[in-house]
Amino acid sequence: MSTSDDGYGGDYTSPTGQTRTRLPDSEGDTYGSGRRSRSGLSSRNLIAVVGVVVLLIAAIAFANRGSGSDPATDTADGAPKNGPAAQPTAPTGTDPVKDRNGTIASGFAKTQQGAQSAAANYAVALGSSDMFDDQKRHQIVSAVMAPSVVGTFQKDLDHAYASDARKAVGLKPDGSVPSGMTFISRTIPVGTKATAYADDGATVDVWCTGLLGMAGTGSTKPVTTTWFTVTMKLTWTGKDWKAVSQTQKNGPAPVSGDVPASGAKEIAGAVEGFGGFTYAR
């Protein structure tokens, strides 16, 4: 091989002691390959260049993924100006809330996205274990319902959460939890869909799964999962979305998986150890 890196020759000494010289104008001779063009890339250099290009493309894609919205393509409520609307479970990147009313999110945007976020969070509050406590239930209703319906809603729920309902889920008549038990009632939104929307009102469906029951040794009301859809009608109160009504129906429910059920202690530990979320469209 040549000892020169410019491809124009150089002397080569064979093991026999003879010296052969490659001339610059030669495309090749009997004893060696022709000269290499300086414009070409070796396989090693080509691999390096391709690697750099791949890394650059990946970095650009990662940076674009982190962008919350594009003013040139997004509308005020997060839907793209061109092309199909975002899917029901696709996040838009817009902050869901500005404030909190106790433990419940508040200050939702006056947009379709804001209405869906409000409905999801209100469904969680109205499906929580706090609803079985009279004082906490009244606080939740006051926080999520429109002022015009709070009184009527409170009365209806007080009747619904009477001692018989508490007994049905394993609680004591006063709503307290039996010793050694952990009561679980948790609603987890899977997705939201606005079926009607205007500046002063909206109707939103919230597809949910839920946990309900009593975890503990000897429990006769073990924790079970449910699937249901909450339909919530909302009104704009002048500063936030508030619910004026709520209905619920079963499903859609998927086929149960083959994950074996956990023991009561593990379920109780999970509920106590894993907190909830602020849900956003």
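## Buried or exposed

A residue counts as buried when its relative accessible area is under 20%. Over 50% it is exposed, and in between it is partly exposed. Take Thr-182 in this predicted model. Its relative accessible area is 15%, so Thr-182 is buried.

Across the whole chain, buried residues make up 29% of the 281 residues.

## The overall layout

How many helices and strands does the chain have? The secondary structure comes to six helices and eight strands. Read from the N terminus, the elements run β-β-α-β-β-α-α-α-α-β-β-β-β-α.

Contacts also tell us about the fold. Take those between residues at least 6 apart in sequence. Of these, 52% join residues at least 24 apart.

## Thr-182 and its surroundings

Thr-182 lies in strand E5, which covers residues 182-198. The side chain of Thr-182 makes a polar contact with the side chain of Glu-272, at 3.5 Å.

Which residues touch Thr-182, leaving aside neighbours within four places in sequence? They are Val-177, Gly-213, Met-214, Ala-215, Ala-268 and Glu-272. Glu-272 therefore appears both as a contact of Thr-182 and as its polar partner, since the two side chains meet at 3.5 Å and the limit for a polar contact is within 3.5 Å.

## The nonpolar core

The largest nonpolar core has 38 residues. Those with the most contacts inside it are Tyr-122, Val-144, Met-145, Met-232, Leu-234 and Trp-241. Several elements each supply at least two residues of this core. Among them are helices H2, H3 and H4 (150-160). Strands E4 (104-106), E6 (201-215), E7 (224-236) and E8 (241-250) do so as well.

Which element gives the most to this core? Helix H2 does, with seven residues.

## Helix H2 and Asn-121

H2 has 15 residues. From its first C-alpha to its last, H2 reaches 21 Å. That is close to the 21 Å expected at 1.5 Å a residue. H2 is mostly covered, with 13 of its 15 residues buried.

Asn-121 is found in H2, which spans residues 112-126. Is Asn-121 buried or exposed? Its relative accessible area is 6%, so Asn-121 is buried. The side chain of Asn-121 reaches the backbone oxygen of Ser-117 at 2.8 Å. Not counting residues up to four places away in sequence, Asn-121 touches Ala-105, Phe-108, Phe-277, Thr-278 and Tyr-279.

## Helix H3 and its buried face

Helix H3 covers residues 134-144, and its buried residues are Arg-137, Ile-140, Val-141, Ala-143 and Val-144. Where do they sit on the helix? Seen down the axis of H3, these buried residues fall within an arc of 165°, so they line one face. A general rule helps here. An α-helix has 3.6 residues a turn, so residues three or four places apart point the same way.

At the start of H3, a side-chain oxygen of Asp-133 reaches to within 3.2 Å of the backbone nitrogen of Gln-135.

## Salt bridges

The structure holds four salt bridges. One joins Lys-136 and Asp-130, with the closest N and O atoms 3.8 Å apart. Lys-136 is partly exposed, with a relative accessible area of 40%. Asp-130 also counts as partly exposed, at 30%.

Another salt bridge joins Asp-134 and Arg-137, at 2.7 Å from N to O. These two residues are three apart in helix H3, so about one helical turn separates them. Asp-134 is partly exposed, with a relative accessible area of 38%. Arg-137 is buried, with a relative accessible area of 1%.

## A salt-bridge network

Arg-166 forms a salt bridge with Asp-134, and their closest N and O atoms are 2.5 Å apart. This pair links distant parts of the chain. Arg-166 is in helix H5 (residues 163-168), Asp-134 is in helix H3, and the two are 32 residues apart. Arg-166 is buried, with a relative accessible area of 6%.

Which residues are linked in a network of salt bridges? They are Asp-134, Arg-137, Asp-158 and Arg-166. Within this network, Asp-134 pairs with Arg-137 and with Arg-166.

Notes: Residues are numbered from 1 along each chain as its sequence is written. This is a predicted model: local features need pLDDT of at least 70, side-chain atom pairs count only at pLDDT 80 or more; totals for chains, interfaces and linings use all residues. Side-chain values use heavy atoms; hydrogens and water are left out. Buried means under 20% relative accessible area, exposed over 50%, partly exposed in between (1.4 Å probe, protein chains only). Helices (H or I, at least four residues) and strands (E, at least two) are DSSP runs, numbered from the N terminus. The arc is that of the directions from the helix axis to the C-beta atoms. A polar contact is a pair of N or O atoms within 3.5 Å; within protein, one must be able to donate a hydrogen and the other to accept it, and residues adjacent in sequence count only if both atoms are side-chain atoms. Contact means heavy atoms within 4.5 Å. A salt bridge is a side-chain nitrogen of Lys or Arg within 4 Å of a carboxyl oxygen of Asp or Glu. The expected span of a helix is 1.5 Å times one less than its number of residues. A nonpolar core is a set of buried Ala, Val, Leu, Ile, Met, Phe, Trp, Tyr and Cys residues joined through side-chain atoms within 4.5 Å.
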